[in-house]
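Biologist: Please take a close look at one part of this model. Then work outwards from there to the rest of the chain.

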Amino acid sequence: MKKKNKTFVSGLNPRNPLHRGFNYMLLILLTIIVFLPMIIVFLVSFKTNQEYMTTDFLTLPHSFFNFDNYINFIKKAKLGVALRNEIILIVIPTFATVVFGSMVAYVVTRFDFKMKKYVLLGFIIASLIPPITVQVAQFQVIKALGLFNTIFAGLLIYSSAGVVEIYIFIQQMEKIPKSLDEAALVEGATYFQIYRKIIFPLMKPAIATVTILRSIYIYNDMIMPYLIMPGRNLRTIVTAFLNFTYDQVSMWNIMGAGITAIMLPIVILYIFIQRFIFSGITSGAVKD
């Protein structure tokens, strides 16, 4: 008897209609959980303070042309100063992360040395440590260096290449044939020239992915700027919301406008660049 060849069936489209219906119901539920808070914040951003206090969250505002909350957010949050600080904290550390992370990956994948296994083990252990547990140590280092409440504190913290970024570079670099390195060495190139002229240009997918991930991480981070850069002139776009929070009162309608204004560009950007993120992360996961 001939065995029937088993065909692959997608997890979202199983043959059992009940199973398929359950999958789609779960997806719909997760979609509602994700988008419902965004819709509530969007509606609140157009409400006056009286509307916010007297209506439900999902009640439509009287007018979608009430931009007073957005204007107040821009003025009181000092959005120009916050945007300047955000750009500095994104551009310089992201460039440093790409350079340092790719160099580390180049050394790990192209050279053999005695402590190589322990270095890789250290990366794995570091990835298991929650970032919040090392913030006290980071704060002490920043304070000891005299960088507390300066923008250089943020530049130093964010410029360190994370474990995830290094592994993305390692995956991409493992797909680059070592024969290119050997041919360049025969022609008299140095290891740094090989990295700069051959390896680095061929890592564009990984560079794009790391740039996007690091930029989004810095843009969304609130804890580190609040701890090491508490000054009003050093606030980022996220920490600018502290201007609208007091001991017992919070201006939720203005904060809703600010969240909407900040969230929409990121959502739109993510829709267009998500394929680059996933392709960069999964690059090298399956060997040819």
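Modeller: Helices here are DSSP runs of H or I with at least four residues, numbered from the N terminus. With that in hand, start at Ser 159, in the loop between H7 and H8. Keep in mind that this is a predicted model. Helix H7 (residues 151-158) has the highest mean pLDDT among the elements of the chain, at 92.

Ser 159 is a loop residue, yet it is buried. The relative accessibility is 14%, and the cut-off for buried is under 20%, so Ser 159 qualifies. Its side chain reaches back to the backbone oxygen of Leu 155, at 2.4 Å. Now leave aside the neighbours within four places in sequence. Ser 159 then touches Pro 93, Ala 96, Thr 97 and Phe 100.

Move on to Val 108, which sits in helix H4. Val 108 is buried too, because its relative accessibility is just 7%. Its contacts beyond four places in sequence are Lys 116, Leu 120, Phe 123 and Ile 170. Val 108 and Met 173 are 65 residues apart along the chain, but 9.9 Å separates their C-alpha atoms.

Next, the charged pairs. Side chains of opposite charge can pair when their charged atoms come close. A search of the whole structure finds three salt bridges.

Take Arg 110 and Asp 181. Their side chains meet in a salt bridge, with N to O at 2.8 Å. Arg 110 belongs to helix H4 (residues 79-110) and Asp 181 to helix H9 (residues 178-186), so this salt bridge ties together parts 71 residues apart in sequence. Both partners are shielded. Arg 110 counts as buried because its relative accessibility is 15%. Asp 181 is buried as well, at 8%.

Then take Glu 165 and Arg 214. Their closest N and O atoms are 3.1 Å apart, and they form a salt bridge. Here too, distant parts of the chain are linked: Glu 165 lies in helix H8 (residues 163-173), Arg 214 in helix H11 (residues 204-220), and their positions lie 49 residues apart in the numbering. Glu 165 is buried, with a relative accessible area of 10%. Arg 214 is buried at 6%.

The remaining salt bridge joins Lys 116 and Asp 112, whose closest N and O atoms are 3.3 Å apart. Lys 116 has already come up as a contact of Val 108. The two partners of this salt bridge sit in opposite settings. Lys 116 has a relative accessible area of 19%, so it is buried. Asp 112 is exposed, because its relative accessible area is 74%.

Now the aromatic side chains. The count comes to 15 aromatic pairs. In one of them, the ring centres of Phe 42 and Phe 46 are 5.2 Å apart and the planes stand at 75 degrees, so the pair is edge-to-face. Phe 46 is buried, at 5% relative accessibility. Phe 42 is partly exposed, at 33%. Elsewhere, ring pairs build a cluster from Tyr 106, Phe 111, Tyr 191, Phe 192, Tyr 195 and Phe 200.

Step back to the whole chain. There are 13 helices and zero strands. Of the 288 residues, 34% count as buried. The accessible surface is about 18800 Å², and carbon and sulfur atoms supply 70% of that. Among contacts with a separation of 6 or more, 69% join residues 24 or more positions apart. The Arg 110 and Asp 181 salt bridge has already shown such a link by side chains.

Last, how far to trust the picture. The mean pLDDT of the chain is 82, and 88% of the residues reach 70 or more. Helix H13 (residues 252-282) has the lowest mean pLDDT among the elements, at 74. Over residues 284-288, pLDDT stays under 50, and the model has two contacts there beyond four places in sequence. Where pLDDT is low, the predicted coordinates should not be read in detail.

Key: Residues are numbered from 1 along each chain as its sequence is written. This is a predicted model: local features need pLDDT of at least 70, side-chain atom pairs count only at pLDDT 80 or more; totals for chains, interfaces and linings use all residues. Side-chain values use heavy atoms; hydrogens and water are left out. pLDDT is the predictor's confidence in each residue, from 0 to 100. Helices (H or I, at least four residues) and strands (E, at least two) are DSSP runs, numbered from the N terminus. Contact means heavy atoms within 4.5 Å. A salt bridge is a side-chain nitrogen of Lys or Arg within 4 Å of a carboxyl oxygen of Asp or Glu. Buried means under 20% relative accessible area, exposed over 50%, partly exposed in between (1.4 Å probe, protein chains only). A polar contact is a pair of N or O atoms within 3.5 Å; within protein, one must be able to donate a hydrogen and the other to accept it, and residues adjacent in sequence count only if both atoms are side-chain atoms. Rings of Phe, Tyr and Trp (its six-membered ring) pair if their centres lie within 6.5 Å; planes under 30 degrees apart count as stacked, over 60 as edge-to-face and the rest as tilted. Accessible areas come from the Shrake-Rupley method with a 1.4 Å probe; for residues, only the protein chains shown count as cover.
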